[in-house]
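Colleague: Got a minute? I'd like to go through this structure with you before I head back to the bench.

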Amino acid sequence: GAAAGLSAMCCYTAMWNVLDAPAGVVPVTKVTEEDEAALKSYPLRDKWDREIVKAAKDGVGLPVAVQLVAPPWKDEVCLRAMKEVEL
């Protein structure tokens, strides 16, 4: 799918593995019709902008999430933060 073109963005998650830091992803909301409409005016400055818009198109109802990271060996801190953010 369209997300395959975004593989270079894995550096946002891979670095936490390299640093041995606990990380988790928590859904915080869902894509709305307003989000979809705003996507039409998203600035297309480069290849990455075009790939992001392509991957996000027709996403109404899909979850939007945040990634939380804690210092190495502080898994409980990461889990606690995830619980606080969770819907």
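Modeller: Sure, let's go from the overall fold down to single side chains; keep in mind that this is a predicted model.

Colleague: Okay, how many helices and strands are there in the chain?

Modeller: Four helices and two strands. Along the sequence they come in the pattern α-β-α-α-β-α.

Colleague: And what share of the residues count as buried?

Modeller: 18% of the 87 residues in the chain. The surface the chain exposes is about 6,500 Å², and carbon and sulfur atoms supply 61% of that.

Colleague: What about contacts between residues at least 6 apart in sequence: what percentage join residues at least 24 apart?

Modeller: That comes to 79%.

Colleague: Which residues make up the largest nonpolar core?

Modeller: Five of them: Val 26, Leu 68, Ala 70, Cys 78 and Met 82. As a general point, nonpolar side chains in soluble globular proteins tend to be buried together.

Colleague: Take Leu 68, then. What does Leu 68 touch, not counting residues up to four places away?

Modeller: Leu 68 touches Val 26, Cys 78 and Met 82, which are core members too. Its contacts also include Pro 22, Ala 23 and Gly 24, along with Ala 81 and Val 85.

Colleague: Switching to charges. How many salt bridges does the count come to?

Modeller: Two. One joins Glu 84 and Arg 80, with their closest N and O atoms 2.9 Å apart. The other pairs Asp 49 with Arg 45 at 3.3 Å, N to O.

Colleague: Where do Glu 84 and Arg 80 sit relative to each other?

Modeller: Both are in helix α4, which covers residues 75–85. They are four residues apart there, so about one helical turn separates them.

Colleague: Is that pair buried or exposed?

Modeller: Glu 84 counts as exposed at 53% relative accessibility, and Arg 80 counts as exposed at 51%. The cut-off for exposed is over 50%.

Colleague: And the other bridge: is Asp 49 buried or exposed?

Modeller: Asp 49 is buried, with a relative accessible area of 6%. Its partner Arg 45 counts as exposed, at 64%.

Colleague: Which helix is Asp 49 in, and what does Asp 49 touch outside its sequence neighbourhood?

Modeller: Asp 49 is in helix α3, residues 47–56. Leaving out residues up to four places away, Asp 49 touches Tyr 42, Pro 43 and Leu 44.

Colleague: New topic: aromatics. How many aromatic pairs does a search of the whole structure find?

Modeller: Zero.

Colleague: Okay, then what lies over the face of Trp 48?

Modeller: That's Lys 47, at 4.7 Å from the ring centre.

Colleague: Where is Trp 16 placed?

Modeller: In helix α1, residues 11–18. Trp 16 counts as partly exposed, with 23% relative accessibility. That figure falls between the cut-offs of 20% for buried and 50% for exposed, so Trp 16 goes in the middle class.

Colleague: What is Trp 16 in contact with, aside from neighbours within four places?

Modeller: Ala 21 and Ala 23, plus Gln 67 and Val 69. Ala 23 is also on the contact list of Leu 68.

Colleague: And how far apart are the C-alpha atoms of Trp 16 and Ala 70?

Modeller: 9.2 Å, although the two are 54 residues apart along the chain. Ala 70 is one of the core residues we started with.

Key: Residues numbered from 1 in each chain as written. Predicted model: local features only at pLDDT ≥ 70, side-chain atom pairs only at ≥ 80, totals over all residues. Heavy atoms only, no water. Core = buried A, V, L, I, M, F, W, Y, C linked by side-chain atoms within 4.5 Å. Buried < 20%, exposed > 50% of the residue type's maximum accessible area, 1.4 Å probe, protein only. Contact = heavy atoms within 4.5 Å. Salt bridge = Lys/Arg side-chain N within 4 Å of Asp/Glu carboxyl O. Areas by Shrake-Rupley, 256 points an atom, 1.4 Å probe, with all protein chains shown as cover. Phe/Tyr/Trp six-rings, centres within 6.5 Å; stacked < 30°, edge-to-face > 60°. Lys NZ or Arg CZ within 6 Å of the ring centre and 35° of its normal.
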